[in-house]
Each structure stands twice: as structure tokens, then as C-alpha cells.
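Got a model open and not sure how to read it? Let's go through it together, feature by feature.

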Amino acid sequence: MNRFLINQYALVPYERDITPVVPTTVNLDALRQLMAEYNHDFDLIDERPLQLLQQSEVDNHIAKVVKMMTNMINSGQLVEQLIMPQDKGDL
């Protein structure tokens with residue numbers, strides 16, 4: 001799926017230093033590992049027929065998740081789930 005996803009969403013490797021933009025509350029080592037894995041996906045570009053799902057099923061699932069996350073971000077729920085539990089003890 002790598003080649004399809006890279007082409008479908010115009011993805012590019014992220015090769016800039018993330019250190020200056022990462023909040024101190026984020027585990028920098030874990031984020032660096034995640035970015036390394038993301039960039040590694042660009043090296044594994046072999047395209048084979050899908051065996052479990054059809055291409056349209058993958059497209060539909062991605063669109064559904066993007067819509068769900070967009071709605072969650074716009075509603076403020078994501079911020080509440082990520083930040084508020086820590087802040088509630090301070091109230």
C-alpha cells in the first residue's frame with residue numbers, strides 16, 4: 001500500500017529536524033522513532049495486488065477516519081482528551 005498512499009496523498013519524506021517544534025510534553029525519542037519509521041516507508045515501495053481488501057475499501061476507510069478525526073478536532077474533543085485530564089488535577 002505504500003506506493004498507493006504516497007501517490008494518493010502526495011506524501012514526501014520528512015527530513016527536517018523536529019526538535020525545535022516539539023512541545024516538552026512529547027517524548028522526543030518516541031517521536032524521532034515514529035518519524036524514522038514514516039521515512040522508511042518510502043524505501044519499501046513495491047506494489048503488489050491487495051489480498052484482504054479492495055482498493056475502494058481502503059479509500060473509503062481512510063476517508064471515514066479523516067472525516068471522524070476532523071470532526072473530533074473541530075469539536076474540541078481531541079484537545080479535551082489529550083490535555084484536560086492532566087489539567088483537571090490542578091483545578
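What follows is a short dialogue on a predicted model.

Q: Where do I start: how many helices and strands does the chain have?
A: Start with the secondary structure. Here you get five helices and zero strands, so the pattern along the sequence reads α-α-α-α-α.

Q: How far can I trust it, say, what does pLDDT average over the chain?
A: Check the predictor's confidence before anything else. The average in this chain is 78, and 82% of the residues reach at least 70. Watch residues 87-91, though: pLDDT stays under 50 there, and the model gives that stretch zero contacts beyond four places in sequence.

Q: How do I check a helix, and what span should H3 have?
A: Compare the distance between the end C-alpha atoms with the span expected at 1.5 Å a residue. Helix H3, residues 55-75, has 21 residues and should span 30 Å; its end C-alpha atoms are 30 Å apart, which agrees. Helix H2, residues 28-40, has 13 residues and reaches 18 Å, close to the 18 Å expected.

Q: And the helix ends: which residue follows H3?
A: Look at the residues flanking each helix. After H3 comes glycine 76, with a positive phi near 90°. At the start of H2, a side-chain oxygen of asparagine 27 comes within 3.0 Å of the backbone nitrogen of aspartate 29.

Q: How do I read aromatic rings, and how many aromatic pairs are there?
A: In general, you describe a pair of aromatic rings by the distance of the centres and the angle of the planes. This structure holds one aromatic pair. The ring centres of tyrosine 38 and phenylalanine 42 are 5.3 Å apart with the planes at 75°, so the pair is edge-to-face; the cut-off for that label is over 60 degrees.

Q: Is phenylalanine 42 buried or exposed?
A: Relative accessible area tells you, with under 20% counting as buried. Phenylalanine 42 has 14%, so it is buried, while tyrosine 38, at 27%, is partly exposed. Across the chain, buried residues make up 10% of the 91 residues.

Q: Which residues does valine 12 contact, leaving aside its neighbours within four places in sequence?
A: Tyr38 and Phe42, the two residues of the aromatic pair. Valine 12 is in the loop between H1 and H2, and at 54% relative accessibility it counts as exposed. The C-alpha atoms of valine 12 and phenylalanine 42 are separated by 8.0 Å, although the residues are 30 apart along the chain.

Notes: Residues numbered from 1 in each chain as written. Predicted model: local features only at pLDDT ≥ 70, side-chain atom pairs only at ≥ 80, totals over all residues. Heavy atoms only, no water. Helix = DSSP H or I, 4+ residues; strand = E, 2+ residues; numbered from the N terminus. Buried < 20%, exposed > 50% of the residue type's maximum accessible area, 1.4 Å probe, protein only. Polar contact = N/O pair within 3.5 Å; in protein donor to acceptor, adjacent residues only side chain to side chain. Phe/Tyr/Trp six-rings, centres within 6.5 Å; stacked < 30°, edge-to-face > 60°. pLDDT = per-residue confidence, 0-100. Contact = heavy atoms within 4.5 Å.
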